[in-house]
Amino acid sequence: MADVRRIVLAHDGREQRFEADALPLSVGARAIDEIRIPIEDSSAAIASIGSLDGSPFIQSAKSSESVYVNGELLTGSRRIADGDAIRIAGVEIACSIGGNALRLEWSRSPAGGASDPRTSGERSPDVISPTPFRPSGAGPASAARRRVRPAVVATWGIGILLLVLLWFSFTAVSVRLVVDPTPDEIDLPTALFGFHIGDRYLLRPGSHEVVVEKEGYQRLEATIEVTRAPSQRISLALAKLPGSVNLTSRPVSGAVVEVDGEEVGITPIEALPIPPGAHRLNFRAQRHLPAALEIEVEGAGLEQSFEVELIPAWAPVSLTSEPTHASVWVDGVELGQTPGRFDLDAGTRSIELRLEGHNSWKREIEVFSDQPQTLATIELTRADAQLRIESTPADAQIVVDGASPGRTPLELSLASEEIHEISLFKIGHELATRTVELEPGERRELAIALKPRIGVIDLIAHPTGATLSVDGKPAGDANQQLRLLASPHTLVIRKEGFREQRMTVTPRPNFPQRIEVRLEKTGEPAPSGAKESVTALGQELVLVKPGAFAMGSRRGESGRRPNETERHVELTRAFYIGAKEVTNRDFRQFSPGHAPAAFSGFELDGDDQPASRITWQDAVRFCNWLSRKEGLPPAYEQRGGDFELIEPVGTGYRLPTEAEWAWAARFAAGASDHRFPWGDQTEPPPGSGNYADASAAGIVSSALLSYRDGFPVSAPVGAHAANALGLYDVGGNVAEWIHDRYRIYPNSSAATPEKDPTGPDTGGLRVIRGSSWKHASETQLRLSYRDYGKEAREDIGFRIARYQK
């Protein structure tokens, strides 16, 4: 297709150019016509030549006898092609197209010559001769002229039409209507003329109604605005009609359907109109999991079908029992009897089997959608028996088959037709053990009189005449032999004019004790050093003289660990160390909320039991608190997120260093260097301490089955014999936090001993020394055993220490 951007007018070797913005060109004899030809009628243009989207055209604007193209009369408009011959009122115009230009060469037709009307001012010799004048209304001819002839009317009508067309062609603009998708029909009902070539329309500026139709799409009625700008483009889009959608569900119908969150009905659904495009369908049906479909609707009235597979929100569970015919209850609702298959909703289900004469069986199971389960055959046991346990005295700890259900008196449900071992434990009394076997449904009472464990204390008070109270009850003269239960007792000795003396003692069976007390007069000062041997809480302190020794263990020693290297140490300062481990009673004065949780049902929070389940930092805070309580400088300060000793080390309370603990536990009293707290033999003799004995066998990983100390967990502090220095529980009861950070040291020489070592300056672990009630192995029970940690444990406590003033 030609792309004409200019018109070149040529005549007698001269040319005149017209660019696209000057088009269209009018053809006529008027002075304003761009192409002037020699004709007598100069009242209007004869034709116009222009270009529409680069395609040249000619349009007639006068009578049908004036313009010819290739010998054919032009009655409207037509495109100009290369080689066309145009004749207008005797002027021949040859058309040629090339180089984006339309070239028009015109000349006079052979019937007569003509000069270029643009260059010649002379009148053409070919003129029309005048006719004689004849007055109107003269004779018969006059009457004939007054009659209106149809040909004249037709000629005038055509002329007017051509004038309108000419006016329209000069005032209309080219508009391209682009419709997506391509329509079947476009109608412009308000347009004056519907001239168009393809999607190009000639429209006058202003508003126009447009109607677009296409099968499968909604009818579009719109108003478009046409401006005076050349070559306009107006885009329109057609909307598809909704699709016709069929929806079904299986294996069940009746599912509620939502389309894009809006409920539309219940399956099956037919011919549901849904707009074209992507949509989300949600389906809900009873006892089935919600389902969803992502669909693409084609629209345009096309029919589409979709089906969803619904997954059951339940599953079959098969149950069998021995014996059979047990009733099955699920979430409190009876469903049938065993054996049977039961459809259970997905989720956590509580299942119970009941059968007369048998214990009910209960269990929670997870039911997964559409996943069948078969439980193993459920063995129903004979009905439990009821056993009531009482003791004299009461409040004894009960242990049944290694577990502690509580304290006496207590009623228990026990499995029938089985042998059960029942033990009763109470401080100051011997462990009592019984075995019972009960019939199904039997009710029985078991009463046990606990045998007391008695220790002897010979009490001598000076001066005579003092009175004694034991555990708050008057006991007569202070000078007497006491036979007391082997549990902590508070003794108070009073005499008028003398200071009251209070102490806590724990009698030990088979180990008589002699206690001599001297009362001070109220007007006399206390003896020098007396206040240093007892804390503000009444805790007894033992003074330890300095000395040199070898820590650790020798190579080849049975049970030795690699971290027990031999180190030669010299202690240069005397120090006090607690005779007993800090008790719960002591620690609660610092932290009233302290209440260590029970272990396997056995209590750890008795007042006289050692404080446990505390961290190293908790123990240090207690030491600083006690120092301030007594007006002593605190031994610790916080630095870098941890507690550090204040240098030089003062006389405030602190944890013993590892060297101090080892010296006090093994060497300070001048006794032989024994491997164990009780000596060198591997097995501990009776009463040696509180270790993992037979009573703890069911709650610890290993136990000394041939040893019985009567305490499954921690015992009251001081319940067993002290070492040669007077320290209790350096082995057994609870292991103890030490001041030092943990490290494995190299062996050192006796020639260069470490003096007053306090451990490394860095590290997150702390040393733990001494065995506990959970220990039973040879390695753990040795005095050289070293442990470490940083977390609280049920078998770790501490004792206090400080330098002598």
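1. Let's start with R354, which pairs with E352 in a salt bridge whose closest N and O atoms sit 3.1 Å apart. Keep in mind that this is a predicted model. The two partners fall into separate burial classes: R354 comes out as partly exposed at 36% relative accessibility, while E352, at 14%, counts as buried. The reason E352 gets that label is that its 14% is under the 20% cut-off for buried.

2. Next, have a look at R443 and E411, whose side chains meet in a salt bridge at 2.7 Å, N to O. R443 belongs to strand β42 (residues 443-449) and E411 to strand β39 (residues 410-414), so this pair ties together parts that are 32 residues apart in sequence. On the solvent side, R443 is exposed, with a relative accessible area of 60%, and E411 is partly exposed at 39%. R443 earns "exposed" because its 60% is over the 50% cut-off.

3. Then there's R793 with D787, another salt bridge, with 3.5 Å between the closest N and O atoms. Here R793 is partly exposed, with a relative accessible area of 24%, whereas D787 is buried at 14%.

4. Also worth a look is a network: E557, E564, R675, E778 and R782 are joined into one by salt bridges that share partners.

5. For the overall tally, the structure holds 46 salt bridges. Among them are R354 with E352, R443 with E411 and R793 with D787. As general background, side chains of opposite charge can pair when their charged atoms come close.

Terms used. Residues are numbered from 1 along each chain as its sequence is written. This is a predicted model: local features need pLDDT of at least 70, side-chain atom pairs count only at pLDDT 80 or more; totals for chains, interfaces and linings use all residues. Side-chain values use heavy atoms; hydrogens and water are left out. A salt bridge is a side-chain nitrogen of Lys or Arg within 4 Å of a carboxyl oxygen of Asp or Glu. Buried means under 20% relative accessible area, exposed over 50%, partly exposed in between (1.4 Å probe, protein chains only). Helices (H or I, at least four residues) and strands (E, at least two) are DSSP runs, numbered from the N terminus.
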